[in-house]
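Here are some exercises to work through with the sequence and the 3D view side by side. Try each task before you read its solution.

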Amino acid sequence: MTRRQIRLIVYLAVLSPIAAVIYHHLLPSPPESFTARLVNRLFPSETTAMTSQGSRPRVIVVGGGLAGLSAAYSALCAGAPSVSLLERASKPGGNSIKASSGINGAPTRFQQAAWPDLGPDETFWDDTVRSAGARLSSQSTSQPAARAQRESLISVLTQRSADAINFLTDLGVDLTVVAQLGGHSHPRTHRGAGKTPPGAAIITTLLAKLKEAGGDRFELMTDCEVTRLLTDPTNADVSSNANGGSSADHQPVTVTGVEYRSTKDGSNSGGSGDDGTSLHQLTGPVIFTTGGFGGDTHGLLARYRPDLDGMPSTNDPRPGTHDLLAAVGARLVDMDSVQIHPTGFVDPANPLGPVKFLAAELLRGEGGILLYNGKRFLNELETREHVSNTIMALPGDGVEGASLRQWDIRLLLDPGAAKAAAGHMGFYLWKGLMKKQKVSELDATTKEALEEYASIVRRKKEDPFRRKAFGHWKLGVNSDGIIDEDAEVCVGRVTPIVHFTMGGTVFNEHAQVLSSELGEKQKPIQGLWAAGEITGGIHGDNRLGGSSLLECVVFGRIAGAEAADVAKRAYTSKA
């Protein structure tokens with residue numbers, strides 16, 4: 001037995017009983033044997049090259065959105081000797097930096113302050129389960145184990161949501177404004193009171209905190225695209241199929257690092273890729289946080305949802321990375337579950353543009369309404385799935401131009417709703433996505449719709465579409481119910497758009513990527529974790545607005561702490 005192994009055994013022997021119980025539940029083998037085996041495979045010798053981070057064992061994070069930044073920060077806080085974050089774009093932030101509606105959390109002190117009359121929020125788990133739809137409910141009798149695994153993930157998401165809000169506010173992020181979005185039975189989506197959208201506020205704050213760690217502990221590597229995951233060569237080869245996962249005759253491999261290409265590096269050190277760019281390798285535990293495939297129009301999206309051809313998207317064109325995980329045995333789930341957001345702006349300056357700005361869901365949450373031919377036609381606070389399906393079922397097939405599919409829906413906010421969403425409205429008005437109009441300039445049908453809606457808000461009549469919350473709508477809510485003809489409303493055209501992919505790699509409550517199907521006995525792929533939109537199994541048929549940023553923070557922090565423990569033990573064993 002080597003001196004390093006003796007030191008490792010002594011270290012493990014003094015762990016508290018609680019930690020032992022946790023690791024016994026978490027991993028398929030006893031904590032001592034698992035940790036020793038994983039550390040030895042990831043760091044087989046004390047002379048392993050560690051590039052710019054010296055001889056310190058590192059945690060490798062792939063993807064620079066909120067999940068990746070949360071994982072990196074968590075890993076550092078948990079004692080990881082160093083963290084290397086690889087981002088294929090020229091700047092970090094991903095789609096997270098564009099998030100505009102906010103982040104869910106319940107119960108929080110900000111909910112109580114903003115909505116003191118509503119009482120405690122105890123329905124977040126129920127709302128999430130209901131939103132997941134048939135993919136979860138249909139498994140009650142047919143696949144009870146799969147349902148239980150989904151519900152366990154939802155429990156982690158919702159039960160740790162308040163802590164996620166506290167974590168961000170402790171870092172200095174303003175999340176004091178709370179709104180109710182579609183599909184929610186309670187206001188729980190948090191954002192700041194200023195003009196900076198919540199996604200940008202969170203991303204910039206985390207980046208600043210990571211930079212404070214110093215270059216010897218945190219390295220941000222932009223323009224670096226991972227081409228494959230490195231695995232322990234002593235493991236058997238893995239055969240995978242379109243759904244991911246290894247064959248039944250093989251045990252899960254151990255991921256030991258990544259191979260990547262740098263578009264900024266013209267040298268050929270470390271080998272060369274097919275496009276002539278140089279290839280490099282990093283070793284260490286890997287956290288995958290590369291996002292979804294909503295922008296992979298001709299790749300994964302065409303493979304799993306060819307019926308969405310021609311739909312505009314909020315996602316910039318880029319390939320999905322799910323096949324990299326499948327290549328090492330990861331199972332994929334719900335890959336055909338793609339969220340169509342009901343409101344993407346149709347820019348008057350470029351109405352046939354395939355990539356569109358999102359009309360944030362909080363615009364409806366703060367009181368905004370949707371009109372078709374001047375009339376309301378649904379409850380604007382239903383789930384995204386329901387609102388999108390209702391719009392797409394309207395007369396006509398939505399085809400414009402040569403092949404673009406979009407509909408002619410109007411989003412209208414009164415002065416009260418526009419003021420409550422002022423941080424967003426300034427940008428939308430500046431971009432020309434919405435415009436101000438006096439009530440007197442509206443057509444007769446729209447005016448009639450406003451009068452009817454105002455009477456509903458005043459509780460003079462029931463909403464035929466069963467909307468119960470009206471945000472900060474003020475127009476026509478005075479005692480006489482008269483609508484001021486000189487009042488200015490904000491109007492813009494919106495259409496359903498591809499926004500989010502609920503499918504991804506199967507993973508567990510500890511953010512470990514699994515080579516087992518959902519509901520089967522869990523087989524973690526050692527050395528590999530995941531968080532954010534790259535994962536599947538939580539949202540089912542539909543994701544609630546505000547839960548995208550939340551899952552990035554919750555599971556990113558879990559993955560960071562788990563991977564840090566492996567790197568930290570390796571560092572300790574070499575001391």
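Two residues are in contact here when they have heavy atoms within 4.5 Å of each other. Please keep in mind that the model is predicted.

**Exercise 1. Getting an overview**

Task: Find how many helices and strands the protein has, and what share of its residues count as buried.

Solution. Start with the secondary structure: there are 19 helices and 22 strands. Next, turn to burial: of the 575 residues, 58% count as buried. Finally, consider contacts between residues at least 6 apart in sequence: 77% of them join residues at least 24 apart.

**Exercise 2. The surroundings of Ala418**

Task: Decide whether Ala418 is buried or exposed, and list what it is in contact with beyond its neighbours within four places in sequence.

Solution. First, locate the residue: Ala418 belongs to helix H16, residues 415–420. Second, apply the cut-off: buried means under 20% relative accessible area. Ala418 has 13%, so it is buried. Third, look for partners: with neighbours within four places set aside, Ala418 is in contact with Leu413, Met425 and Cys490. As a last step, go to Gly368, which is 50 residues from Ala418 in sequence and 8.3 Å from it in space, C-alpha to C-alpha.

**Exercise 3. Two helices, two buried faces**

Task: Identify the buried residues of H15 and of H17, and work out how they are arranged around each helix axis.

Solution. Begin with H15, residues 384–392, where Arg384, Val387, Ser388 and Ile391 are buried. Viewed down the axis, these residues fall within an arc of 95 degrees, so they line one face of H15. Now ask what covers them: the cover includes strands S12 (338–345), S13 (369–371), S16 (409–413) and S18 (488–501), along with helix H14 (362–365).

Move on to H17, residues 422–431, whose buried residues are His424, Met425 and Tyr428. Their arc around the axis is only 95 degrees, which puts them on the same side of H17. To finish, step past the end of the helix: Gly432 follows H17 and has a positive phi, near 80 degrees.

**Exercise 4. Reading strand pairings**

Task: Give the strand order of the open sheet that contains S3, S4 and S5, and say which strands stand at its edges.

Solution. The sheet has three strands in the order S3-S5-S4, with antiparallel pairing. S3 (103–104) and S4 are at the edges; each has a single partner strand, so one side of each is left without a neighbour in the sheet. For the register, note that S4 and S5 (residues 189–191) pair over three bridges. One landmark is Val178, whose bridge partner in S5 is His190.

Then try S8, residues 255–262, in which eight of eight residues are buried. Seven bridges join S8 to S7 (residues 224–231), and the two run antiparallel. Here Glu225 stands opposite Arg261 in S8. S8 also runs antiparallel to S9 (residues 279–283), with five bridges, and Gly257 stands opposite Thr283 in S9.

**Exercise 5. Unusual backbone geometry**

Task: Find where the cis peptide bond between Ala106 and Pro107 lies, and say whether Asn373 and Ala511, both with positive phi, are buried or exposed.

Solution. Recall the background: most residues other than glycine have a negative phi, and most peptide bonds are trans. The bond joining Ala106 and Pro107 is cis, with omega about -10 degrees. Pro107 sits in the loop between S3 and helix H5 (109–114).

Asn373 is not a glycine, yet its phi is about 55 degrees. Its place is the loop between S13 and H15, and at 60% relative accessibility Asn373 counts as exposed. Ala511 has a phi of about 70 degrees and lies in the loop between strands S19 (504–506) and S20 (512–514). At 0% relative accessibility, Ala511 counts as buried.

**Exercise 6. The second largest pocket**

Task: Describe the volume and lining of the second largest pocket.

Solution. The volume comes first: about 540 Å³ of space lies in this pocket. Of its 29 lining residues, those closest to the centre are Gln180, His184, Leu381, Lys468 and Ala469. By class, the lining has 10 nonpolar, 10 polar and nine charged residues. Helix H6 (124–132) and strand S4 (177–179) each supply at least two of them, and H6 gives the most, with three.

Conventions. Residues are numbered from 1 along each chain as its sequence is written. This is a predicted model: local features need pLDDT of at least 70, side-chain atom pairs count only at pLDDT 80 or more; totals for chains, interfaces and linings use all residues. Side-chain values use heavy atoms; hydrogens and water are left out. On a 1 Å grid over the protein atoms alone, a cavity is a set of points where a 1.4 Å probe fits but cannot get out, and a pocket is an open set with protein on both sides within 12 Å along at least five of seven lines; lining residues have an atom within 4 Å of a point. Grid points are joined across faces, edges and corners, and a volume is the space filled by probe spheres set on the points. Helices (H or I, at least four residues) and strands (E, at least two) are DSSP runs, numbered from the N terminus. Ala, Val, Leu, Ile, Met, Phe, Trp, Tyr, Cys and Pro count as nonpolar, Asp, Glu, Lys and Arg as charged, and the others, Gly among them, as polar. Two strands pair if DSSP finds at least two bridges between them. Buried means under 20% relative accessible area, exposed over 50%, partly exposed in between (1.4 Å probe, protein chains only). The arc is that of the directions from the helix axis to the C-beta atoms.
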